[in-house]
Amino acid sequence: MSGEAAPPLARSTLDRAAHRRGDSQWLTEAWLRARVLLLDSTDEGRTLARTETSPPTLVLFGAGDVPAGSESGAMFLGVEPDGVPVFAVDAPLPTIPGTRAVHLREVGHLLADREAGIFTTALALVNWHTRHGYSTSTGAPTAMDEAGWSRVDRNGGRIWPRTDPAMIVLVHDGVDGPDGRCLLGNNAGWQGTPGGRRYSCLAGYVEPGESAEAAVLREVREEVGIGVERIGYVGSQAWPFPGSLMLGFLATANPTEPVRVDPSEIAYARWFSRREIGAALAGQTVDVGDGARLILPPPSSIALFLIHRWLDGWVDADR
């Protein structure tokens, strides 16, 4: 069994305390006693961690130990169970013995719930601010406001952080046991891995005026040319690269229906048995043709979470 109760980036222990975001007096006092996470947006949002521990631990600083002037750009993430406020700051990372710069993709699945929530929220906010220096309606410059939870232009026009909903689905044949199969694809835009080929769940953005379930039907049909049934919602997680919310589903399809890939989106697609997926997860070589071995999605992704759920015997989302 995978043992994961929730997708790896859907875990947190923070109280976001949204009612404090506009309380300047409280925020000023809170900063003085806060824990502060530094992220460097010029280095893909990396932060410092001690990775020799298990699980790895993030390095959080006191307000007096971060670069001067950081308070003006501090993003309030929430309050910990012990009552201590947590902020994030976009700043270069210092050199601290016993630590190294890490990316959320690299360590998100390894972190404890507390730190997974802090890192995911901080990175999502940093990425949003990096991309929204100007108003989307007027083109005027914007400045951070509400403790990092909005931006405002000189005329008072305000924008708030948004996430882009995207569906991701593990398509399978509905069969229990080791002979049950799932359909995975290799995205045409992925860089190749020497000696390997990555296969993952099918995914795509939810379009305007469309439900997530309708997006599942449409994207699977567009990408691999087959229809799906018994669409069931499993769970979701943020994917702040730069700002998506991944909505995870299971769905069934007929494995005898011909797979016809859209080459502009999918380079390869094929069915894999539970035996093959289990072997790949165990580090064994599963041949996918042309001398390449099967590579599965990274551990911080909801794609691997869905694969584990199916591998563990799920054939319906409500099981």
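**Exercise 1.** In this predicted model, find where Asp 290 sits and work out whether Asp 290 is buried or exposed.

*Solution.* Start with the strands: Asp 290 falls in the loop between strand E18 (287–289) and strand E19 (292–295). Next, check the backbone: phi of Asp 290 is near 60°, a positive value in a residue other than glycine. Last, look at accessibility: the cut-off for exposed is over 50%, and Asp 290 has a relative accessible area of 69%, so Asp 290 is exposed.

**Exercise 2.** Now do the same for Glu 44: which loop holds Glu 44, and is Glu 44 buried or exposed?

*Solution.* Glu 44 belongs to the loop between strand E1 (35–39) and E2. Phi is again positive here, near 60° for Glu 44. With a relative accessible area of 53%, Glu 44 is exposed.

**Exercise 3.** Explain why Cys 182 and Cys 201 aren't bonded through their sulfurs.

*Solution.* First, recall that a disulfide is a covalent bond between the sulfur atoms of two cysteines. The cut-off for a pair is within 2.5 Å. The closest cysteine sulfur to that of Cys 182 is in Cys 201, but it's 7.3 Å away, so that's too far for a bond. The tally for the structure is zero disulfides. As for surroundings, Cys 182 is buried at 0% relative accessible area, and Cys 201 counts as buried at 7%.

**Exercise 4.** Which strand holds Leu 170, and what does Leu 170 touch?

*Solution.* Leu 170 lies in strand E11 (residues 164–172). Leu 170 is buried, at 0% relative accessibility. Setting aside residues up to four places away in sequence, its contacts include Cys 182, Cys 201, Phe 249 and Trp 310.

Note on methods
Residues numbered from 1 in each chain as written. Predicted model: local features only at pLDDT ≥ 70, side-chain atom pairs only at ≥ 80, totals over all residues. Heavy atoms only, no water. Buried < 20%, exposed > 50% of the residue type's maximum accessible area, 1.4 Å probe, protein only. Helix = DSSP H or I, 4+ residues; strand = E, 2+ residues; numbered from the N terminus. Contact = heavy atoms within 4.5 Å.
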